[in-house]
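Here is a note for a colleague who has not met this structure before. Please read it with the model open alongside.

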Amino acid sequence: VQLRASGGGLVQAGGSLRLSCTNSRGTLSRYAMGWFRQAPGKERQFVATISATGGRTFHIDSVKGRFTISRDDTSRTVFLQMNNLKPEDTAVYYCAADWVGFGSNAVILNLYEYDYWGQGTQVTVSS
């Protein structure tokens with residue numbers, strides 16, 4: 001697995017971005033996927049996760065209704081659609097993969113359970 005995150009940038013408050021995370025070495029269909037973020041001087045924070053089947057998702061309260069995680073296993077990509085962005089969403093966003101097996105509906109919230117990480121993409125929201 002080699003994950004590459006993209007889609008970050010500078011946006012005004014209230015704007016939208018869509019982050020993508022692609023595996024350049026094969027399928028992601030046996031992996032639960034997660035998005036995390038890390039602001040300067042802060043610990044890495046869980047944002048959202050999606051099961052290997054795509055049937056279950058979980059988002060932290062502060063992004064519910066604004067962010068949506070999804071996956072397209074045909075393109076080996078996981079997305080994080082971010083709407084109504086706020087300055088407090090400013091951070092480096094990381095995607096991660098946790099091997100759970102084919103057909104698993106588990107969602108993984110603990111960053112220490114993830115096996116593979118992308119390089120991060122910067123999201124900056126101006127007020």
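The points below go from the whole chain to one group of aromatic residues.

1. Status of the model. This is a predicted model. The remarks that follow should be read with that in mind.

2. Secondary structure. The protein chain has eleven strands and zero helices. Followed along the sequence, its pattern is β-β-β-β-β-β-β-β-β-β-β.

3. Overall dimensions. The radius of gyration of the protein chain is 13 Å, which agrees with the value near 14 Å that a compact globule of 127 residues would have. Along the principal axes, the C-alpha atoms fill a box of roughly 45 × 25 × 25 Å.

4. Burial and contacts. Of the 127 residues in the protein chain, 45% are buried. Among contacts with a separation of 6 or more, 61% are between residues 24 or more positions apart.

5. Surface and charge. About 6300 Å² of the protein chain is exposed, and carbon and sulfur atoms supply 46% of that area. The chain carries 13 positive and 9 negative charges, and the mean positions of the two groups are 5 Å apart.

6. Aromatic pairs. The structure holds six aromatic pairs. One of them joins Phe36 and Phe46, whose ring centres are 5.7 Å apart; their planes meet at 70°, so the pair is edge-to-face. Phe36 belongs to strand β4 (residues 31-38) and Phe46 to strand β5 (residues 45-50), so this pair ties together parts that are ten residues apart in sequence.

7. Burial of that pair. Are Phe36 and Phe46 buried or exposed? Phe36 is buried, because its relative accessible area is 0%, and buried means under 20%. Phe46, at 11%, is buried as well.

8. A second partner for Phe36. Phe36 also forms an aromatic pair with Trp117, with 4.9 Å from centre to centre and 55° between the planes, and this pair is tilted. Here the link is between distant parts of the chain: Phe36 is in strand β4, and Trp117 is in strand β10 (residues 116-117), 81 residues apart. Trp117 has a relative accessibility of 29% and therefore counts as partly exposed.

9. The cluster. Which residues form one aromatic cluster with Phe36? The members are Phe36, Phe46, Phe58, Tyr114 and Trp117. Within this cluster, Phe36 is buried at 0%, whereas Trp117 is partly exposed at 29%.

Key:
Residues are numbered from 1 along each chain as its sequence is written. This is a predicted model: local features need pLDDT of at least 70, side-chain atom pairs count only at pLDDT 80 or more; totals for chains, interfaces and linings use all residues. Side-chain values use heavy atoms; hydrogens and water are left out. Helices (H or I, at least four residues) and strands (E, at least two) are DSSP runs, numbered from the N terminus. The radius of gyration is taken over C-alpha atoms; the globule rule is 2.2 Å times the number of residues to the power 0.38. Buried means under 20% relative accessible area, exposed over 50%, partly exposed in between (1.4 Å probe, protein chains only). Contact means heavy atoms within 4.5 Å. Accessible areas come from the Shrake-Rupley method with a 1.4 Å probe; for residues, only the protein chains shown count as cover. Lys and Arg count as positive and Asp and Glu as negative; His and the chain ends are not counted. The place of a charge is taken as NZ of Lys, CZ of Arg, CG of Asp or CD of Glu. Rings of Phe, Tyr and Trp (its six-membered ring) pair if their centres lie within 6.5 Å; planes under 30 degrees apart count as stacked, over 60 as edge-to-face and the rest as tilted.
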